[in-house]
Amino acid sequence: MKRSDTIQKTNFLDSIKLFILSATALCLLSAFTMTAHAEENFAVTVRSSNNTMGAVNSFKNDVSFQNYTYAASTDYIKVSALNVNTIYTFLYWTDNGAIVSKDTTYSFAVNGKNHNIVAHFNNKNEKKDKKYDTDNNLNWITRNTDPCVFAKGYKLDGMTINTTLTTIDDATLAAVQTLTGGSFAGAFQIQFTYGYAGTPKKQLDQTTRLCLQIPAQFRSAGRTFCIVSLAGNIPTVLSDLDSDDATITFDTNASGLYIAACLNDASVLTQIQQPVVAAPAA
């Protein structure tokens with residue numbers, strides 16, 4: 001065999017080895033990326049009980065986020081509470097309804113479950129009803145959530161909204177993807193409550209309009225979103241009534257599970273008839 005032939009054969013073999021190594025590295029990187037993304041399947045919601053009295057800062061692994069995020073079981077969350085002014089005072093943090101800390105800064109590991117974190121505040125000059133002023137009964141606290149609010153002009157008297165980021169099972173996820181032809185962009189448990197004590201309302205007497213913030217990791221300019229409502233017996237697709245890339249505006253009259261979907265083809269909504277909802281009288 002000529003020397004030139006030997007060199008060419010060696011170069012060819014080296015090229016094959018380099019190709020195999022590159023392909024293997026790419027596969028490993030893809031697998032790692034998919035695994036890391038798949039692990040972020042726990043919902044963390046952070047809010048203030050009353051934004052007039054106090055605000056919250058929230059961090060996942062020292063990276064700031066607002067209102068809610070999805071996290072891996074090994075991620076760490078840190079939250080801090082800030083009084084708006086001196087007449088208000090911070091009381092405590094609750095996680096899924098249970099008091100977990102009375103310090104203004106609270107840190108915890110996600111540890112394989114969903115978390116609904118609320119910072120509770122109080123007006124120092126306001127006298128509370130003693131029957132509600134206990135660690136085990138939070139009914140006296142005014143509830144206020146930013147992730148989902150009434151659209152401008154649609155606020156219902158005496159009604160508030162509690163929104164919790166949540167997770168869904170594989171069967172529900174597959175059904176949403178089949179129904180919309182799109183991809184998952186967050187699941188939200190929306191609860192209407194009425195009055196000072198926050199009495200839950202499963203169904204409203206009239207349809208209203210809500211504005212929901214899309215989790216930051218799913219936002220992108222030009223994307224089209226919709227809502228799949230599982231509040232009733234039949235899944236219902238609701239189109240986005242605003243043009244903001246960060247929010248979804250939709251009409252509803254019931255508490256329940258609402259799933260945001262990013263559409264691959266916006267034409268899927270062309271046959272959906274959106275009811276025209278008049279704003280409540282001022």
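## A first pair of residues

A good place to start is one pair of residues: K60 stands opposite V63 in strand β3. Here helices (H or I, at least four residues) and strands (E, at least two) are DSSP runs, numbered from the N terminus. Strand β2 (residues 54–60) and β3 pair in the antiparallel sense over three bridges, where two strands count as paired if DSSP finds at least two bridges between them.

Some ground rules will help you read on. This is a predicted model, in which local features need pLDDT of at least 70 and side-chain atom pairs count only at pLDDT 80 or more, while totals for chains, interfaces and linings use all residues. Residues are numbered from 1 along each chain as its sequence is written, and side-chain values use heavy atoms, with hydrogens and water left out.

## The overall picture

The secondary structure of the protein comes to two helices and 18 strands. Of its 282 residues, 39% count as buried; buried means under 20% relative accessible area, exposed over 50%, and partly exposed in between (1.4 Å probe, protein chains only). Contact means heavy atoms within 4.5 Å. Among contacts between residues at least 6 apart in sequence, 71% join residues at least 24 apart.

## How confident is the model?

pLDDT is the predictor's confidence in each residue, from 0 to 100. The protein averages a pLDDT of 77, and 72% of the residues score at least 70. Among the elements, helix α1 (residues 3–39) has the lowest mean pLDDT, 48, and strand β17 (residues 247–254) the highest, 94. Over residues 25–38 the pLDDT is below 50, and this stretch has zero contacts in the model beyond near neighbours in sequence.

Residues 127–145 also have pLDDT under 50, and for them the model has 44 contacts beyond four places in sequence. Where pLDDT is low, the predicted coordinates should not be read in detail.

## The four-stranded sheet

Back to β2 and β3: they belong to an open sheet of four strands, in the order β3-β2-β5-β8, with antiparallel pairing. Because β3 (63–65) and β8 (105–109) stand at the edges with a single partner strand each, one side of each is left without a neighbour in the sheet. The twist averages 25° from one strand to the next; for such angles, axes are lines fitted to C-alpha atoms, for helices over the stretch in contact, and angles run from 0 to 180 degrees between N-to-C directions.

At the β8 edge, strand β5 (residues 76–83) pairs with β8 in the antiparallel sense over five bridges. K78 has S107 as its bridge partner in β8. The side chains along β8 alternate: Y106 and F108 point to one face and are buried, while T105, S107 and A109 point to the other and are not.

## The three-stranded sheet

Another open sheet has three strands in the order β10-β14-β17, again with antiparallel pairing. Its edge strands are β10 (148–150) and β17, each pairing on one side only. Neighbouring strands of this sheet are turned by 35° against each other on average, direction ignored.

Strands β14 (residues 203–213) and β17 pair over seven bridges in the antiparallel sense. One place to see this is R209, whose bridge partner in β17 is D251.

## Inside the protein

A nonpolar core is a set of buried Ala, Val, Leu, Ile, Met, Phe, Trp, Tyr and Cys residues joined through side-chain atoms within 4.5 Å. The largest one has 36 residues, and those with the most contacts inside it are I190, L210, I227 and F250. Its largest share, seven residues, comes from strand β18 (residues 256–263). Apart from it lies another core of 18 residues, among them V46, I77, V79 and A81.

Y68 lies in strand β4 (residues 68–71) and is buried, with a relative accessible area of 3%. Leaving aside neighbours within four places in sequence, the contacts of Y68 include V44, P147, F188 and I214.

## Cysteines without bonds

A search of the whole structure finds zero disulfides, a disulfide being a pair of cysteine sulfur atoms within 2.5 Å. The sulfur of C211 is 7.6 Å from the closest cysteine sulfur, in C148, too far for a bond. C226 is buried at 0% relative accessibility, and its sulfur is 9.0 Å from the closest cysteine sulfur, in C262, so this is too far for a bond.
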